[in-house]
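Reader: I am new to this structure and would be grateful for a guided discussion of it.

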Amino acid sequence: MDRLRNEIKQLSFVIEQISYKENKRKIDETHLGLLWNIINPLLYLLVLTTFYKKVVVHDYDYPVFVFIGLLIMKFYSDGTMSAMRSLVLNKQLLVKSKLSIGVFIVEKVFISIKDLFFSSIALIPIMIAFHVKIHLRTLLIIPVLFLTVAVVIGIGTILAIIYVYFEDIGYLYTIIMSVMVFVSGVFMPIERMPEYVQPILAINPIFLSIYISRNCLMYNLPSYWTAWVKLILWAISTMTIGLVLLKKNKNKIMNLI
Amino acid sequence: MQYGIKQYIFVIRELTAREIKRKYSRSVLGILWSVLNPLLFMGLMSIVFWEISKSSTYPVYYIISYTIWSMFNVATKTSITAFEDNKNLFQKTKLPRLVFVLSRNYTAFVNMLFSFVALLISLCIFRIMLSPSVIMFFIAALFELMFSIGVSIILASLYVFYKDVKFLWENIIVLLVHMLAIYMPIEVYPESIRYYMEINPLFIFADVARMSILEKSFELDRMLVMAMWAVGSFIIGLVVFKSLENKIVEKI
């Protein structure tokens with residue numbers, strides 16, 4: 001037990017160090033630095049609300065609706081995309097140090113989590129402006145976030161392993177992610193989609209995370225229990241597949257890189 | 001000028017070839033992605049927007065817009081770091097400095113030509129005949145190239161001094177895509193912003209291109225506005241670069 005705790009401590013120390021360095025580089029290069037994380041979703045919000053007025057039914061609290069969607073969407077795409085490239089990017093460290101492969105993937109997701117929290121700061125004034133009240137149910141956002149992180153790490157691991165063998169997956173995944181922005185109900189409710197694709201869209205983990213977060217953050221409504229079950233299944237299955245793949249391919253990856 | 005125009009073009013071509021090779025060096029399908037990418041995008045976006053757009057030729061509409069958009073997108077995004085990336089060549093050789101920006105733009109243009117192959121494929125699928133007005137598509141593309149060269153020069157020059165420019169541009173460009181009416185036809189946009197939409201250069205390039213293929217016609221006013229934007233941006237780019245050139249050389 002003690003050994004395990006020690007190991008976890010060590011790993012989290014390494015993760016923090018690497019991510020701290022990366023973040024620092026980003027901040028040093030720019031003057032506004034981390035502020036971009038807040039500005040980015042706000043700009044997006046502005047454009048989406050002005051341009052698609054006609055297509056999207058506008059409720060009073062539409063900005064809150066979009067903002068929650070944008071934050072989670074951004075977390076998914078940043079987290080998985082950077083995790084995908086993490087192994088190839090950290091080639092040298094991976095070969096030289098005896099760190100396990102997973103560390104590099106988790107580290108990338110860790111940075112995305114930090115960005116997510118930072119961007120969320122802008123959510124607070126928006127929620128206050130639109131009189132969204134805090135309820136006991138708001139606390140449900142915590143398990144949702146944990147599940148979401150698990151799914152992102154799982155998908156990221158699977159992608160990172162494929163990426164080592166087959167770099168073209170990067171192109172494919174970029175395309176898929178750009179479509180996801182539209183089909184996950186980020187700014188257009190999925191009821192607007194053609195009916196025959198709706199059942200498929202409702203399986204998508206990004207949609208599930210957004211849907212449950214909205215329910216507990218702004219609507220104060222209970223979510224369908226099936227949504228919870230699906231999200232939990234996603235988390236468990238992607239994590240196990242990721243771990244199994246990682247174990248099986250460990251040596252091969254080291255050789256290829 | 002120590003270099004004739006011929007050498008100039010030679011260097012740009014060499015740099016471009018290097019860039020394309022580097023981009024696809026580790027991928028299996030390589031340059032085929034330039035054709036596949038737009039087709040895949042078209043397929044998926046059509047599932048999402050075909051019904052909303054209420055247009056029977058939506059996939060073709062989308063792929064034309066995508067082709068025009070991706071050239072501007074790729075050209076400006078890659079050009080930002082053009083001076084920084086070629087630091088060595090920049091100091092050692094006496095190449096005209098603008099060559100680095102031009103080659104990145106030319107790369108994007110070559111990429112666009114590959115996307116045009118994809119566009120032709122989609123025209124075959126939807127049985128749309130090409131008419132001579134397709135020449136307007138290429139004129140629009142050339143003007144857009146000129147426009148994006150101007151923008152690229154400004155961005156690349158500023159980037160030497162302010163690294164924020166890169167983040168700023170990456171943030172802006174994801175928003176600019178909505179200026180083209182790429183996902184939905186302009187009629188779907190609210191009236192209040194329609195006017196601003198119709199004078200913005202990105203929309204005009206895309207609009208001329210779409211018109212030339214889908215409606216097989218063109219409007220002279222639009223073409224004139226388009227030319228003005230392109231020449232204007234190009235000249236401003238050159239002026240900015242000339243006034244900053246010494247400082248840029250010093251800084252690098």
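The following exchange treats the interface, then individual helices and residues.

Reader: What kind of model is this, and how much area do chain B and chain A bury between them?

Author: This is a predicted model. The contact draws on 38 residues of chain B and 34 residues of chain A. Of the area that the two chains bury, 70% is on carbon and sulfur atoms. The total comes to about 3,500 Å².

Reader: Which residues of chain B lose the most area to chain A?

Author: On the chain B side of the interface, which contributes 38 residues, three residues stand out by this criterion. Together they account for 18% of what that side buries. They are B:Arg26, B:Asp164 and B:Phe167.

Reader: How many salt bridges and how many residue pairs in polar contact are there between chain B and chain A?

Author: By class, the side of chain B that touches chain A has 25 nonpolar, 5 polar and 8 charged residues. The count of salt bridges between the two chains is 0. For polar contacts across the interface, with both residues at pLDDT 80 or more, the number of residue pairs is 1.

Reader: Which helix gives the largest share of the side of chain B that touches chain A?

Author: Three helices of chain B each supply at least two residues to that side: H2 (33–53), H8 (164–176) and H9 (191–199). The largest share amounts to 11 residues, and the helix that provides it is H2(B).

Reader: What distance separates the end C-alpha atoms of H8(B)?

Author: The helix has 13 residues, which at 1.5 Å a residue should span 18 Å. Its buried residues include B:Asp164 and B:Phe167, both of which are also among the residues that lose the most area to chain A. The separation of the end C-alpha atoms agrees with the expected span, at 18 Å.

Reader: How many residues of H5(A) are buried?

Author: Helix H5 of chain A covers residues 101–120 and reaches 30 Å from its first C-alpha to its last, close to the 28 Å expected. This helix is largely enclosed by the rest of the structure, because its buried residues number 15 of the 20.

Reader: B:Arg127 and B:Ala181 each have a positive phi although neither is a glycine; is each of them buried or exposed?

Author: Most residues other than glycine have a negative phi. B:Arg127, with a phi of about 50°, is in the loop between helix H6 (98–125) and helix H7 (135–161) of chain B, whereas B:Ala181, with a phi of about 55°, is in the loop between H8 and H9 of chain B. With a relative accessible area of 74%, B:Arg127 is exposed. With a relative accessible area of 0%, B:Ala181 is buried.

Reader: Which backbone oxygens does the side chain of A:Arg214 reach?

Author: A:Arg214 is found in helix H10 (residues 205–219) of chain A and is buried, with a relative accessible area of 7%. Beyond four places in sequence, the residues it touches include A:Ile68, A:Val186 and A:Tyr219. One backbone oxygen lies at 3.0 Å and belongs to A:Phe65; the other lies 2.9 Å from a polar atom of the side chain and belongs to A:Gly185.

Reader: Which residues is B:Gly150 in contact with, leaving aside its neighbours within four places in sequence?

Author: B:Gly150 lies in helix H7 of chain B and counts as buried, at 0% relative accessibility. B:Leu102, 48 residues apart from B:Gly150 in sequence, is 9.8 Å away, C-alpha to C-alpha. Since contact requires heavy atoms within 4.5 Å, the residues that qualify are B:Ser233, B:Phe234 and B:Gly237.

Terms used: Residues numbered from 1 in each chain as written. Chains lettered and ligands numbered in written order. Heavy atoms only, no water. Helix = DSSP H or I, 4+ residues; strand = E, 2+ residues; numbered from the N terminus. Expected span 1.5 Å × (residues − 1). Buried < 20%, exposed > 50% of the residue type's maximum accessible area, 1.4 Å probe, protein only. Buried area = accessible area lost by both parts, 1.4 Å probe. Salt bridge = Lys/Arg side-chain N within 4 Å of Asp/Glu carboxyl O. Polar contact = N/O pair within 3.5 Å; in protein donor to acceptor, adjacent residues only side chain to side chain. Nonpolar A, V, L, I, M, F, W, Y, C, P; charged D, E, K, R; others polar.
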